[in-house]
Amino acid sequence: MNLDGLEITPFTINYSVIETARQWYNSYQYKYIDVPWFVSEEADAVTRPQHAKALSTKLGNLVGSGEQGFIQLMLDGRIDSGEYQTITPCFRDELELDALHQNNFIKLELIRISSSGLVTHEYLRDMCDHALAVMHVYK
């Protein structure tokens with residue numbers, strides 16, 4: 001499939017791995033929510049690299065990450081402070097494709113939204129520890 005010059009390649013998704021990760025993060029109190037897969041230019045531009053073009057549709061820009069969906073919810077005032085997870089497709093305009101850089105894939109995204117706007121180093125360390133614990137299951 002081709003989206004305005006961006007090649008979208010077919011891929012295999014191991015949903016059991018994604019579901020295991022979702023359950024694991026749920027045990028760490030990350031609430032699962034659905035986020036938009038189409039977002040405004042404003043939400044998209046926050047994390048889109050400068051070299052990358054927006055993947056625009058009539059419904060909005062396709063997300064490059066679930067993070068952009070979270071940002072859209074924040075911009076719309078539709079999410080409260082808390083710890084969340086979501087699973088979304090990611091569509092990107094990558095310069096080079098390799099094992100870590102693809103034009104499309106599925107990803108589970110974690111976020112903490114703080115009412116104070118501050119996130120401590122301790123919290124970031126905890127989030128990384130939670131992610132590493134999940135990754136060790138598949139080591």
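**View 1. Zero disulfides are counted in this predicted model.** Welcome to the cysteines. A disulfide is a covalent bond between the sulfur atoms of two cysteines. C90 takes part in no disulfide, and the nearest cysteine sulfur, belonging to C128, lies 18 Å away. Why is C128 unbonded to C90? The closest cysteine sulfur to that of C128 is the one in C90, and their 18 Å separation is too far for a bond, because a pair must come within 2.5 Å to count.

**View 2. How do C90 and C128 sit with respect to the surface: buried, partly exposed or exposed?** C90 counts as buried because its relative accessibility is 0%, and the cut-off for buried is under 20%. C128 has a relative accessibility of 46%, so C128 counts as partly exposed.

**View 3. Three strands make an open sheet in the order β3-β7-β8.** The pairing in this sheet is mixed. Which strands stand at the edges? They are β3 (31–32) and β8 (104–113); each has a single partner strand, so one side of each is left without a neighbour in the sheet. Alongside these strands, helix α4 (residues 121–137) packs on the sheet and touches β7 and β8. The direction of helix α4 makes about 145 degrees with that of β8.

**View 4. Strands β7 and β8 run antiparallel.** Here is a look at the pairing itself. Strands of a sheet pair through backbone hydrogen bonds, either parallel or antiparallel. How many bridges join β7 to β8? Ten bridges do, with β7 covering residues 82–91. To pick out one bridge, find Y84, whose partner in β8 is I111.

Conventions. Residues numbered from 1 in each chain as written. Predicted model: local features only at pLDDT ≥ 70, side-chain atom pairs only at ≥ 80, totals over all residues. Heavy atoms only, no water. Buried < 20%, exposed > 50% of the residue type's maximum accessible area, 1.4 Å probe, protein only. Pairing = 2+ DSSP bridges. Helix = DSSP H or I, 4+ residues; strand = E, 2+ residues; numbered from the N terminus. Contact = heavy atoms within 4.5 Å. Axes fitted to C-alpha atoms, helices over the stretch in contact; angles between N-to-C directions.
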